[in-house]
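The following report describes a protein model through its packing, its overall form and its charged side-chain pairs.

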Amino acid sequence: MDQELKHALGDIKHELTKIGGRLDSVDERLDGIDERIDGIDERLDAMDERFDGMDERFAGMQGQLDGMGMRLNGMQGQLDGMDIRLNDMQEQLDGVNVQLVTMNDRLDKAELDIRSIKLTIENDITKSISLIAEGHLDLSRKMDQVLSRDAQLIDFNTRLMYLENKVEKMTS
């Protein structure tokens, strides 16, 4: 009976070790996801700064265009050249917007992955902990039964020795 108890405790200890390893693995994966999200966040901040700079440049260019329009109406060719450059810049901005949409899609996917990981952790680990708790309660009850029987055996052995001594004294 004692061997069974030791074996069961060893099995429980082994399962707890496996669960701990899985938790460590999940924790490492979450750390990697956090680092990736931080990198994306930094890139978005840099892009915001670049957009701010472009907005300032556009505002400056617009002022120059207005001044040139009032002063140099005869220089239509130069304005046409500037229109082409602005169109190129617009195309570049459109490209940046496409990249932002792609990044948003990737962020959405990362958020879904994180939610999925959280649900897995909540569902699987909670079930495992419940199973371990139930097993622990069963082992505790069985241990109490074994200890109770051991106490009875000790009482019986003590009584038997007492009675044997009494019988021995009576026969002598």
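V96 touches M47 and F51, when residues up to four places away in sequence are left out of the count. In this predicted model, these three residues belong to the largest nonpolar core, a set of nine residues that also takes in I40, L44, M54, L93, M103 and L107. The elements that contribute two or more residues to this core are α1 and α2, and α1 gives the most, with five residues. Because membership of such a core requires buried nonpolar residues joined through side-chain atoms within 4.5 Å, V96, M47 and F51 are among the residues counted as buried.

The secondary structure that frames this core consists of two helices and zero strands. Helix α1 covers residues 2-71, while helix α2 covers residues 76-171. Along its principal axes the C-alpha trace spans about 145 × 20 × 15 Å, and the radius of gyration of the protein is 39 Å, whereas a compact globule of 172 residues would have a value near 16 Å. Of the 172 residues, 13% count as buried, and the protein exposes about 14,100 Å², of which carbon and sulfur atoms supply 55%. Among contacts between residues at least 6 apart in sequence, 89% join residues at least 24 apart.

The charged side chains add a further set of contacts, for the structure holds three salt bridges. Their closest nitrogen-to-oxygen distances are as follows.

| Salt bridge | N to O distance |
|---|---|
| E15 and K18 | 3.4 Å |
| K109 and D113 | 3.2 Å |
| R141 and D138 | 3.0 Å |

How far apart in helix α1 are E15 and K18? They are three residues apart, and therefore separated by about one helical turn. Both partners of this pair lie in the intermediate range of accessibility, since E15 is partly exposed at 38% relative accessibility and K18 is partly exposed with a relative accessible area of 42%.

The pairs in helix α2 can be described in similar terms. K109 and D113 are four residues apart, about one turn of the helix, and D113 is partly exposed, with a relative accessible area of 33%. R141 and D138, being three residues apart in helix α2, are likewise separated by about one helical turn, and D138 counts as partly exposed at 39% relative accessibility. As a general matter, side chains of opposite charge can pair when their charged atoms come close.

Technical notes
Residues are numbered from 1 along each chain as its sequence is written. This is a predicted model: local features need pLDDT of at least 70, side-chain atom pairs count only at pLDDT 80 or more; totals for chains, interfaces and linings use all residues. Side-chain values use heavy atoms; hydrogens and water are left out. A salt bridge is a side-chain nitrogen of Lys or Arg within 4 Å of a carboxyl oxygen of Asp or Glu. Buried means under 20% relative accessible area, exposed over 50%, partly exposed in between (1.4 Å probe, protein chains only). Contact means heavy atoms within 4.5 Å. The radius of gyration is taken over C-alpha atoms; the globule rule is 2.2 Å times the number of residues to the power 0.38. Accessible areas come from the Shrake-Rupley method with a 1.4 Å probe; for residues, only the protein chains shown count as cover.
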